[in-house]
Amino acid sequence: MGFRSLFFALFSLIAIAHAGQLTVQSPRFTVIGPDGSQLRSESISLSKRPGPITLGVTDTLKFTFQVADETTDKGIQPHQTFLRFFDSTTGEEGIQPVKVLPSGKAKFELNMAKPPSSLPPSGAAPLRVSLLLGSFVHSPAAFDLFDLYIPPSAPAPVHPEEALYHPRPELAHTFHPEPNAPLRFISAFFAALVLSPWVVLFGLWGVVRPRVPHLFSPSILSFVLSLALIEGLLFWYWIELRLGQILLYGSGAATLTLLTGKQALAGIAARRTSSK
């Protein structure tokens, strides 16, 4: 398989080396005005470029030629024939296919009243026109023909949403500074304000001296400790906990307080029944 590939490659190189050359015979251009009169008509020499050709908005350019074998002068129909319009200042180019007859003769017309879409956008600089030929049995060929001045292209219409596709100014975010903690004496004042009801409660309790003989019984003490747990959670929430955390911990503490309160009430009812 490797030998076959090598042999085919060598055969292709030999065929290319011995391929015939294409040439262009009798190239000629004619500029026709809007009234049908000939404004300019010249033959083109492949060795010397003619002067620049200028077309008006209603003029027509006719270009005729014949493709032939350079050795036999026999007319050839290439497999591909194109006219290339190139603007050297902008780098824009346009490719226009040209139909060639089996005899090798071809004709191309450029009507500026209805220019083809293959023409590149034009400005003050001329378009460089060249002829490109491609064939399976001949070497490819390119011929530089002439410079062509055509009316400047109209500016492209502006799309109503064109501004949306341009770079936008960079967004600058302004963040508020982190809130400062209140002064220590303010925090201490409000902490004392929160704890003051307890001070008043214990003070009045000392004056009244209520009798709570069963305060430290297991049923009542567990209920009092569960109440103290809820108060501790509220204080913890005030200084550190988040809302989700206090709801989670508080639901557990509330359930515990409900159970211990029910147990404390049951114990008080049992003692009242036994005293009767």
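In this predicted model, a good place to begin is a pair of helices: the axes of α3 (residues 218–239) and α4 (residues 243–275) come within 7 Å and cross at roughly 160°. Since angles over 145 degrees count as roughly antiparallel, α3 and α4 are therefore roughly antiparallel to each other. The crossing in which α3 passes α4 is left-handed. Sorted by class, the residues in the contact of α3 with α4 are 16 nonpolar, 8 polar and 1 charged.

Another helix, α2, covers residues 184–208. Its 25 residues, at 1.5 Å a residue, should span 36 Å, and because the end C-alpha atoms of α2 are 36 Å apart, the two values agree. Along the way, α2 has a kink of about 40° at leucine 195, and this kink lies shortly before proline 197. Just after α2 comes arginine 209, which takes a positive phi of about 55°.

Attention now turns to the strands. Strands of a sheet pair through backbone hydrogen bonds, in either a parallel or an antiparallel sense. One open sheet is built from 4 strands in the order β2-β1-β4-β7, and its pairing is antiparallel. Its edges are formed by β2 (38–43) and β7 (105–111), each of which pairs on one side only. From one strand to the next, the twist of this sheet averages 15°. Within the sheet, strand β1 (residues 22–32) is joined to strand β4 (residues 60–69) by 9 bridges, and β1 and β4 run antiparallel. For a reader following the structure by eye, one landmark is glutamine 25, which stands opposite glutamine 66 in β4.

A further open sheet has 5 strands, arranged in the order β3-β9-β8-β5-β6, and here the pairing is mixed. The edge positions belong to β3 (53–54) and β6 (93–97), each pairing on one side only. The partner of β3 is strand β9 (residues 141–149), and the two pair in the parallel sense over 2 bridges. In this pairing, isoleucine 53 stands opposite leucine 148 in β9.

How values were computed: Residues are numbered from 1 along each chain as its sequence is written. This is a predicted model: local features need pLDDT of at least 70, side-chain atom pairs count only at pLDDT 80 or more; totals for chains, interfaces and linings use all residues. Side-chain values use heavy atoms; hydrogens and water are left out. Two strands pair if DSSP finds at least two bridges between them. Axes are lines fitted to C-alpha atoms, for helices over the stretch in contact, and angles run from 0 to 180 degrees between N-to-C directions. Angles under 35 degrees count as roughly parallel, over 145 as roughly antiparallel, 65 to 115 as roughly perpendicular and the rest as oblique. A crossing is left-handed if the near helix is turned anticlockwise from the far one by less than a right angle, and right-handed if clockwise. Ala, Val, Leu, Ile, Met, Phe, Trp, Tyr, Cys and Pro count as nonpolar, Asp, Glu, Lys and Arg as charged, and the others, Gly among them, as polar. The expected span of a helix is 1.5 Å times one less than its number of residues. The bend at a residue is the angle between axes fitted to the seven residues ending there and the seven starting there.
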